[in-house]
Amino acid sequence: MNLPDELKPTPRVLMGPGPSDVHPRVLRAMATPLLGHLDPQFLALMDSTKRMLQEILRTRNELTFAVSGTGSAGMETVLVNLLEAGDEALVCVNGVFGTRMCDIVERCGARLVRVDAEWGKPIDPAQVEKALKSCSPKLVAIVHAETSTGVWQPLVEIGNLARERGALFVVDAVTSLGGVDVRVDDWGIDALYSGTQKCLSAPPGLSPVTFSPRAVEVIEKRKTKVQSWYLDMGMVRKYWGAERAYHHTAPISSVYALYEALRIILEEGLEARFERHRRAHELLRAGLEAMGIEFVVESAYRLPQLNAVRVPAGMEDGPTRKRLLEEFNLEIGGGLGVFAGKVWRIGLMGHGAEPNHVNMLLAALNMLRSG
Ligand SMILES: *Cc1c(COP(=O)(O)O)cnc(C)c1O
């Protein structure tokens with residue numbers, strides 16, 4: 001056969017909703033020679049990865065590790081392990097990812113109770129409180145950083161409401177972790193999942209998760225088998241824990257990448273990293289507002305790492321993003337769902353949350369606007 005072309009895509013600057021640009025050190029880590037997945041050197045790497053995750057998640061949860069799979073695999077891991085058929089689950093929905101959680105809850109055979117907010121607005125704790133009066137869910141689930149809308153959801157009040165009702169508190173931190181503060185223990189979070197390709201700035205492929213002792217107890221007391229063999233914590237934790245029992249082959253190179261990405265985060269320091277995200281966001285905001293471009297979310301609930309803005313009058317959504325990609329090698333995201341065609345999603349995630357990225361995009365938009 002004729003061989004297809006050599007793999008050499010034109011490099012892009014990734015300023016969409018993920019994947020984000022990764023540090024060159026992370027790319028180099030991925031080219032490290034493979035080890036066996038039970039090699040003592042690799043097991044030591046897994047232990048260090050777990051300890052670094054605990055630090056970044058600000059948790060002492062023993063059951064903290066990275067699921068083999070992207071953020072959605074983490075979402076599914078948390079829900080399929082905590083829910084059994086006939087359980088009740090309350091899910092907060094104000095965008096794509098809350099909606100996805102509802103789908104998984106229903107696939108678990110659980111009874112779904114939804115609390116909705118308009119896209120672009122945070123969930124109102126009063127609505128959760130009201131819903132909790134007429135149900136007694138096993139868990140309350142919510143998205144911390146809604147990547148489809150740019151909403152930064154306050155968690156503490158809703159977490160307290162869940163706890164008062166004896167429900168587990170489940171949080172999607174796929175886009176929040178590494179960009180804004182996530183405090184698992186202080187905020188009473190019982191189960192949380194994230195993803196590597198947003199603000200952790202590693203390639204997609206792993207999903208950090210953590211379960212509180214309370215959540216572990218719920219898993220241990222299940223009456224039925226977890227419907228997913230691959231994501232069954234009862235088995236997976238025996239590989240990440242002391243037993244080191246083979247379950248599935250760890251994606252070695254992805255673990256290398258996450259390991260190096262976490263080291264980079266801890267070298268920088270969490271506070272410094274969050275501050276860098278805030279500064280990049282402020283620079284972008286000033287530049288966009290000077291062009292008359294408006295944000296979707298009111299300022300109190302805006303994520304620094306995911307900037308949802310209205311497509312300005314006089315510029316077309318698809319053609320503009322196409323030209324950004326083709327002429328400037330710059331990727332930004334379009335709108336999803338009700339925001340399709342109306343909103344752009346500009347990511348300033350992890351390694352990419354820095355002034356050069358912002359200035360490149362602002363310059364490119366200005367050039368495209370003036371023809
Ligand atoms: C990206 C994302 C997911 C899904 O992660 P994948 O890596 O695409 O599977 C889930 N929740 C949120 C908030 C996300 O941003």
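**Two sheets and a ligand site**

Three strands make an open sheet, ordered 11-14-13, with antiparallel pairing. Strand 11 (306-310) and strand 13 (333-334) are the edges, each with a single partner strand, so one side of each has no neighbour in the sheet. Two strands count as paired if DSSP finds at least two bridges between them. Strands (E, at least two residues) and helices (H or I, at least four) are DSSP runs, numbered from the N terminus.

Before I go on, the ground rules. This is a predicted model, with residues numbered from 1 along each chain as its sequence is written. Local features need pLDDT of at least 70, side-chain atom pairs count only at pLDDT 80 or more, totals for chains, interfaces and linings use all residues, and side-chain values use heavy atoms, leaving out hydrogens and water.

Back to that sheet. Strand 13 pairs with strand 14 (residues 343-347) over two bridges, in the antiparallel sense. There, Gly333 stands opposite Arg345 of strand 14.

Next, the other sheet. It is open, has seven strands, and runs in the order 2-10-9-8-5-3-4 with mixed pairing. Which strands stand at its edges? Strand 2 (63-68) and strand 4 (111-116) do; each has a single partner strand, so one side of each is left without a neighbour. From one strand to the next, the twist averages 20°. Inside the sheet, strand 3 (residues 88-93) and strand 5 (residues 139-143) run parallel, joined by three bridges. Val91 is opposite Ala141 in strand 5.

One helix to point out. Helix 8 (residues 233-240) lies across strand 2 and strand 10 (206-211), at about 105° to strand 2. Axes are lines fitted to C-alpha atoms, for helices over the stretch in contact, and angles run from 0 to 180 degrees between N-to-C directions. Contact means heavy atoms within 4.5 Å.

Now the ligand. How many residues surround it? The count is 13, and the closest are Thr70, Ser72, Thr147, Asp172 and Lys198. The cut-off is a residue heavy atom within 4 Å. By type, the shell divides into four nonpolar, six polar and three charged residues. Gly counts as polar here; Asp, Glu, Lys and Arg count as charged.

Three polar contacts, meaning N or O pairs within 3.5 Å. The side chain of Thr147 puts an N or O atom 2.3 Å from a ligand oxygen. For Ser72, the side-chain distance to a ligand oxygen is 2.6 Å. A polar side-chain atom of Lys198 is 2.7 Å from an oxygen of the ligand. The protein covers 89% of the 380 Å² of accessible area that the ligand has on its own (Shrake-Rupley, 1.4 Å probe). Helix 3 (71-82) and helix 4 (96-107) are the elements giving two or more residues to the shell.

Last, two backbone details. Gly18 and Pro19 are joined by a cis peptide bond, omega about 5°. Pro19 sits in the loop between strand 1 (13-14) and helix 1 (24-30). Arg58, in the loop between helix 2 (40-57) and strand 2, has a positive phi near 55° and is not a glycine.

Methods:
Polar contact = N/O pair within 3.5 Å; in protein donor to acceptor, adjacent residues only side chain to side chain.
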